[in-house]
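New notebook page. I want to get to know this structure piece by piece, and I'm jotting down each thing I look up.

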Amino acid sequence: MVRDQKTSPQRLGVLVVGNYCHDVLIRDGVVVGETLGSAAAFISAVLDGISIPYNLVSKVGPDFAYTTCRIPIVIPTSRTTLFHAHFDSDIDGNGNGDRVLKRVAVCDPIHASDLDTESKFGFGMAVGVGGEIKPETLERMVDICDLVLVDIQALIREFDEDGTVKLVGLEESGFFHLLPRLGFLKASEEEAVYMDVEEVRKMCCVVVTHGKDGCNVCWDSFLGGFVAGLVHGLPVPDAALVGNLFGSLTVSQIGLPKFDSRLLQRVKDEVQRRKMQFTSSLERQDDELRFVKPAGHEQFHASLDAAKLIPTCISQESQWDLPSSPPRAVEKAILPQYAGQPKLVLNSIYEEKLHTVEDKP
């Protein structure tokens, strides 16, 4: 098994647990693109961007199509988890139909024994997407991390025989007994109905996000930025501003986001400046997380907004205006290495016969 070894054994880094996956985007039955998916990938993009040390535990099959900054565990006998995201543009007049998500292939689960128990981490992030995180895995994370943040989709997702994602009640998930030991639990409005929010809030901090399920990717980036702020010692409201920044930058892109290096440097400078302000402030209370807006919060918000005004080098097409498909000869080749942009589908990784945009009359 191969794991990244960049994180110090001191309690300064982040442990991210969740499998990488291949995502296929399908609109009205036609494949319009594919990309590297998973919450772990989006969170890693943020942590790498602002130089936060972290370890990643993620499993893929030998068919994994991308080169990533953190090397996943390759399971020779398994396939990389694969999702088909179906969108129906007839649901509303703007072509913004709800998403139907199907798991077409699944990689091996991440076991407690896959985690490095000799290291201790300041923060852990349980961000599975395909049912790969088991209760004993989360329990091990709680044991080796000071604070664990969980995306509820890692706990309550189950799958029908055809792979369609369904959600189960949190109390039925097998994770309920661990809630008092968690730091934060993130859930969308749709997911929040599968738990008693007020009851769960008595056990851990619950963050309920707004927007359709298809916007999960921006909330993955939010979690990455949020944890980055916490690693720097920012109070919770300030860390949430960092999360909001990266969520807003992600929602404007298709697939895994790319961030302008000048913008990233500006954000790092602002976070460092804010960290120094907070460290020297009389409001500092040892190492406890703070939930009350500190003095200077609005100014920090304004400085991050100003950072977004830096021109970006990334030009994005509109959400569905993707390039035309590559030649047939290219379709038969292996998927290209990840370069930060969504790729058009290659037939070799799909279980079912799907049309591509060039097949459309």
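Are Lys186 and Asp151 buried or exposed? I looked up both, and both Lys186 and Asp151 turn out to be buried. A note to self before going on: this is a predicted model.

**Entry: that charged pair.** The side chains of Lys186 and Asp151 form a salt bridge, 3.3 Å from N to O. Lys186 sits in strand E13 (residues 184-188) and Asp151 in strand E10 (residues 145-151), so the salt bridge ties together parts that are 35 residues apart in sequence. I reminded myself that side chains of opposite charge can pair when their charged atoms come close.

**Entry: other salt bridges.** The count for the model comes to 15 salt bridges. I picked out Arg201 and Glu198, whose closest N and O atoms are 3.3 Å apart. Both lie in helix H5 (residues 197-201), 3 residues apart, or about one turn of the helix. That spacing makes sense to me, because an α-helix has 3.6 residues a turn and residues three or four places apart point the same way. Arg201 is partly exposed, at 40% relative accessible area, and Glu198 is exposed, at 52%.

Next I checked Glu199 and Lys202, which meet in a salt bridge at 3.5 Å, N to O. Glu199 is partly exposed with a relative accessible area of 35%, while Lys202 is exposed with 66%. I also found a network of salt bridges linking Glu139, Asp143 and Arg181.

**Entry: the six-stranded sheet.** What is the strand order in the open sheet of 6 strands? I read it as E4-E1-E9-E10-E13-E14, with parallel pairing. Strand E4 (54-57) and strand E14 (205-209) are the edges, each pairing on one side only. On average, neighbouring strands here are turned by 15° against each other, direction ignored.

I zoomed in on E13 and E14, which run parallel and are joined by 5 bridges. Ser188 has Thr209 in E14 as its bridge partner.

Then I looked at what packs on this sheet. Helix H2 (residues 135-144) does, touching strand E1 (14-17), strand E9 (121-126) and E10, and its direction makes about 145° with that of E10. Which residues of H2 are buried? I noted Thr137, Leu138, Met141, Val142 and Ile144. Their cover includes E1, E9, E10 and helix H3 (153-156).

**Entry: a hairpin.** I moved on to E2 and E3, which form a hairpin with 2 residues between them. Asp28, in the turn, has a positive phi of about 55°. Strand E2 (residues 21-27) runs antiparallel to E3, and 7 bridges join them. One thing I traced by eye was Ile26, whose bridge partner in E3 is Val31. Strand E3 (residues 30-37) is mostly covered, and 8 of its 8 residues are buried.

**Entry: nonpolar cores.** Which residues have the most contacts inside the largest nonpolar core? They are Val14, Val16, Phe246 and Val267, in a core of 61 residues. I followed Val267 further: leaving out residues up to four places away in sequence, Val267 touches Ile50, Leu245, Phe246, Leu304 and Ala307. There is also a second, separate core of 37 residues, with Leu15, Val150, Ala154 and Leu179 among them.

Methods: Residues numbered from 1 in each chain as written. Predicted model: local features only at pLDDT ≥ 70, side-chain atom pairs only at ≥ 80, totals over all residues. Heavy atoms only, no water. Core = buried A, V, L, I, M, F, W, Y, C linked by side-chain atoms within 4.5 Å. Buried < 20%, exposed > 50% of the residue type's maximum accessible area, 1.4 Å probe, protein only. Contact = heavy atoms within 4.5 Å. Salt bridge = Lys/Arg side-chain N within 4 Å of Asp/Glu carboxyl O. Helix = DSSP H or I, 4+ residues; strand = E, 2+ residues; numbered from the N terminus. Pairing = 2+ DSSP bridges. Axes fitted to C-alpha atoms, helices over the stretch in contact; angles between N-to-C directions.
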